[in-house]
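User: I want to go through the helix packing and the ligand shell here. Please give the reasoning behind each label.

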Amino acid sequence: MIGWVPYVLSAFIEEVGGPGARREVLLAAGFDAEESFRINAGYADAACRRLLDAACLHFGMSEDEAFEAFAPFFLRRSREMFPAFFAHRPCVRAFLLHQPEVHNTLAAGLAAGQRDSVARKFRVEPMEGGLRVFYRSANRLAGLYAAVARRLGEELGQPTSVRFEAGGPGETECIMAIEVQDLKAQVAA
Ligand code: HEM
């Protein structure tokens, strides 16, 4: 996994619990207590997953609660750090259709094996009123995808819902139907 995610997650842990919490969670996840993640370097998927698990344990949160709390922070930091990705896509559907490409662009500097592993995680196809997302990753982070997609909808004033057509949020493979209300209203009008 590209270092951006553990970088933002560890910043979030620090914002919620202070530097002590960051150190404790990093240690519990098997990292150095002072690890500073390089955003364009590759890290083992399993280690990043342990970071999330350790954070949930530390704060006594379920995964769902953690994703809901983390999604606004993730988007805020993404906007600050990568404004260009947001600049030309003011609507949820266009942004989410472009999201795998965002990931692949950021993975461009990684070794070939790691690049492929990023590219395999998401595939999207347009559908009426939204899009369909095919997710496949040992990290089981479709719940995070759903939380970020819904949050993006809130921020852009386009209520967005996520329906699992196959598999579920905690599984390594699933298909999500993402429905963006605004678009449906436009189609109906
Ligand atoms: C500019 C916006 C975004 C940036 C900069 C960004 C960046 C990244 C990066 C670098 C990764 C690591 C990929 C890997 O190494 O496997 C990642 C993973 C992920 N991103 Fe994004 N992302 C953005 C938008 C989104 C959006 C809009 C969503 C959801 C709607 C999303 C959902 C996820 C999920 C669920 C993962 C974890 C995948 C896995 O490991 O299973 N991202 N993101």
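User: What kind of model is this?

Analyst: It is a predicted model.

User: Why is H3 called oblique to H7?

Analyst: The helices H3 (residues 63–81) and H7 pack at an angle of about 50 degrees. Oblique covers angles that are not under 35, not over 145 and not from 65 to 115 degrees. About 50 degrees falls outside those ranges, so H3 is oblique to H7. Their axes are 8 Å apart.

User: Which hand does the crossing of H3 and H7 have, and which residues make the contact?

Analyst: The crossing is right-handed. H3 brings Glu63, Asp64, Phe67, Glu68, Ala71, Pro72, Phe74 and Leu75. H7 brings Gly143, Leu144, Ala147, Val148, Arg151, Leu152 and Glu155. Residues count as in contact when their C-beta atoms lie within 7 Å.

User: What makes up that contact by class?

Analyst: It divides into 9 nonpolar, 1 polar and 5 charged residues. Gly counts as polar, and Gly143 is one of the H7 residues in the contact. Asp, Glu and Arg count as charged; the contact includes Glu63, Asp64 and Arg151.

User: Why is H1 called oblique to H2?

Analyst: H1 and H2 pack at an angle of about 50 degrees. Roughly parallel needs an angle under 35 degrees, and roughly perpendicular begins at 65. The value sits between these bounds, so H1 is oblique to H2. The axes of H1 and H2 lie 10 Å apart, and the crossing is left-handed.

User: Which residues join H1 to H2, and of what class are they?

Analyst: From H1 come Val5, Pro6, Leu9, Ile13, Val16, Gly17, Ala21, Glu24, Val25 and Ala28. From H2 come Cys48, Leu51, Leu52, Ala54, Ala55, His58 and Phe59. By class, 14 are nonpolar, 2 polar and 1 charged.

User: H1 and H3 pack at about 120 degrees. Why is H1 oblique to H3?

Analyst: Roughly perpendicular ends at 115 degrees, and roughly antiparallel needs over 145. About 120 degrees lies between them, so H1 is oblique to H3. Their axes are 10 Å apart. The crossing of H1 and H3 is right-handed.

User: What residues meet there?

Analyst: Val8, Ala11 and Phe12 of H1 meet Phe70, Phe73, Phe74 and Arg77 of H3. The contact has 6 nonpolar residues, no polar ones and 1 charged.

User: How do the domains divide the chain, and how far apart are their centres?

Analyst: The domain assignment gives domain 1 (4–61) and domain 2 (65–188). Their C-alpha centres lie 22 Å apart. The contact takes 13 residues from domain 1 and 13 residues from domain 2.

User: Which elements form the side of domain 1 that touches domain 2?

Analyst: H1 and helix H2 (45–59) each give two or more residues. The largest share, 6 residues, comes from H2. This side divides into 9 nonpolar, 2 polar and 2 charged residues.

User: What surrounds the ligand?

Analyst: There are 22 residues around the ligand. Ile2, Trp4, Ser137, Asn139 and Val148 come nearest. Helices H1 (4–28), H5 (92–106), H6 (112–121) and H7 (142–155) each supply at least two residues of the shell.

User: How many residues of each class does the shell have?

Analyst: The shell has 16 nonpolar, 5 polar and 1 charged residues. Ile, Trp and Val count as nonpolar; Ile2, Trp4 and Val148 are among the nearest residues.

Conventions
Residues numbered from 1 in each chain as written. Predicted model: local features only at pLDDT ≥ 70, side-chain atom pairs only at ≥ 80, totals over all residues. Near = placed C-beta within 6 Å. Helix = DSSP H or I, 4+ residues; strand = E, 2+ residues; numbered from the N terminus. Axes fitted to C-alpha atoms, helices over the stretch in contact; angles between N-to-C directions. Left-handed = near helix turned anticlockwise from the far one by under 90°. Contact = placed C-beta atoms within 7 Å. Domains from an automatic or database assignment.
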